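Thanks for passing this one along. Here are my notes on charged pairs and nonpolar packing, set out as numbered points to read beside the model.

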Amino acid sequence: DLHSFPTRRSSDLIKPDILVTDLMLPSVSGGDLIRHVRRTAELSRIPIVVISAYGDHYEADALAAGANVVLKKPLDSNVLVDSIKRLKESRGDVKLS
């Protein structure tokens with residue numbers, strides 16, 4: 001439940017370069033997580049990649065929620081890396097270590 005996340009000052013937020021998530025998570029839906037990130041000013045520009053075994057309907061929902069890329073399982077790791085590289089090139093602000 002996203003409402004149970006502790007409230008933190010914006011200076012305390014962890015700000016990842018990219019978020020990779022599934023749609024099925026133990027305590028919250030991936031769609032709710034994506035919407036939460038998009039509504040949080042300090043996190044809203046973080047690129048989001050979804051990896052899921054769900055069908056096309058869920059892909060459309062993830063994109064509507066704010067995901068940048070939706071990849072289907074089973075997934076070749078090279079596809080994930082290529083997707084992240086394309087996001088990096090298109091945005092210019094995603095760091096790859």
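1. Let me start with a residue you may want to click on: is K73 buried, partly exposed or exposed? This is a predicted model, and in it K73 comes out as partly exposed, with a relative accessible area of 40%.

2. K73 also has a charged partner, since its side chain makes a salt bridge with D22, where the closest N and O atoms are 2.6 Å apart. K73 sits in the loop between β3 (69-72) and α3 (77-91), while D22 sits in the loop between β1 (19-21) and α1 (30-39), so this pair ties together parts that are 51 residues apart in sequence.

3. How many salt bridges does a search of the whole structure find? The count is three, and the K73 and D22 pair is one of them. As general background, side chains of opposite charge can pair when their charged atoms come close.

4. Next, please look at helix α1. R35 and D32 form a salt bridge there, at 3.0 Å from N to O. Both residues belong to α1 and are three residues apart, about one turn of the helix. R35 is partly exposed at 34% relative accessibility, and D32 is partly exposed at 33%.

5. Another salt bridge joins E59 and K72, at 3.7 Å from N to O. Helix α2 (residues 56-65) holds E59 and strand β3 holds K72, so the pair ties together parts that are 13 residues apart in sequence. Here too the partners are partly exposed: E59 has a relative accessible area of 23%, and K72 stands at 40% relative accessibility.

6. Turning to the nonpolar side, the largest core has 13 residues, and the members that touch the most others are L19, I34, V37, I48, V50, A62 and A67. Each of α1, β2 (48-52) and α2 supplies at least two residues of this core. Which element gives the largest share? That is α1, with three residues. In soluble globular proteins, nonpolar side chains tend to be buried together.

7. V50 is a handy place to centre your view. Leaving out residues up to four places away in sequence, V50 touches T21, L23, I34, A62, A67, V69, V70 and L71.

8. Finally, there is a second, separate core of seven residues, and V69, L71, I84 and L87 are among them. Two of these names, V69 and L71, also appear in the contact list of V50, so do keep V50 on screen when you look at this second core.

Note on methods. Residues numbered from 1 in each chain as written. Predicted model: local features only at pLDDT ≥ 70, side-chain atom pairs only at ≥ 80, totals over all residues. Heavy atoms only, no water. Salt bridge = Lys/Arg side-chain N within 4 Å of Asp/Glu carboxyl O. Helix = DSSP H or I, 4+ residues; strand = E, 2+ residues; numbered from the N terminus. Buried < 20%, exposed > 50% of the residue type's maximum accessible area, 1.4 Å probe, protein only. Core = buried A, V, L, I, M, F, W, Y, C linked by side-chain atoms within 4.5 Å. Contact = heavy atoms within 4.5 Å.
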